[in-house]
Amino acid sequence: MAKKIYISTDLEGCSGVTSWPETHYGEKGYDLAVAEMTRETIAAIKACQAAGYEVTVKDGHEDGMNLDPATLPRGIELIRGWDSSPAEMMAGIDDSYDFAIHIG
Ligand SMILES: [Zn+2]
């Protein structure tokens, strides 16, 4: 059985994100904040893949459409947007995962 890890991402809490405007589409600093969340997510993905894990990433900020899939390492599952899951920022997680990581 494959080792699996679930990564939930959020802008609030990422390095350098210090004001609310940075967390809102189109406002000052948003693009830089998303770039930082992306870098932190990529670092976590690469570390998990190097350790032999299958990786699922949930984009958990606002509408869940912040991460650009083209910028992420290949071979992951990316969950974008929202569904009716009560798990919200952890949507899709189940007991098949060994660990979870929270970015932000
Ligand atoms: Zn958020």
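Of the 19 residues in the largest nonpolar core, which touch the most other members? In this predicted model, the answer is Ile7 and Val55. Three elements, β1 (4–9), α1 (30–50) and β2 (54–59), each supply at least two residues of this core. The helix α1 gives the most, with eight residues.

The surroundings of Ile7 can be listed in full once its neighbours within four places in sequence are left aside. Ile7 is then in contact with Ala44, Ile45 and Cys48, among others. Val55, Thr56, Val57 and Lys58 are also contacts of Ile7. Ile101 and Ile103 complete the list. Ile7 and Val55, the two residues that touch the most other core members, are thus also in contact with each other.

A zinc ion is also present in the model. Its coordination comes from Asp10 through OD, Glu12 through OE and His61 through ND1. The distances run from 1.9 to 2.2 Å. Along the sequence, the spacing of these donor residues is D-x1-E-x48-H. Asp10 has a relative accessible area of 16%, so this residue counts as buried, the limit being under 20%. Glu12 has a relative accessible area of 26% and is partly exposed, because this value falls between the 20% and 50% limits.

Thr23 touches two of the zinc donors, Glu12 and His61. Thr23 lies in the loop between β1 and α1. With a relative accessible area of 2%, Thr23 is buried. Its other contacts are Leu11, Val17, Tyr30 and Glu62, when residues up to four places away in sequence are not counted.

Glu62, one of the contacts of Thr23, has a backbone feature of its own. Its phi is near 50°, a positive value in a residue other than glycine. Glu62 is placed in the loop between β2 and β3 (77–79). Its relative accessibility is 46%, so Glu62 counts as partly exposed.

Glu88 also has a positive phi, near 45°, and is likewise a residue other than glycine. The loop between β3 and β4 (99–103) holds Glu88. Is Glu88 buried or exposed? Its relative accessible area is 52%, so Glu88 is exposed, the limit being over 50%.

Conventions:
Residues numbered from 1 in each chain as written. Predicted model: local features only at pLDDT ≥ 70, side-chain atom pairs only at ≥ 80, totals over all residues. Heavy atoms only, no water. Donors = N, O, S within 2.8 Å, 3.2 Å for Na, K, Ca; no water. Buried < 20%, exposed > 50% of the residue type's maximum accessible area, 1.4 Å probe, protein only. Core = buried A, V, L, I, M, F, W, Y, C linked by side-chain atoms within 4.5 Å. Helix = DSSP H or I, 4+ residues; strand = E, 2+ residues; numbered from the N terminus. Contact = heavy atoms within 4.5 Å.
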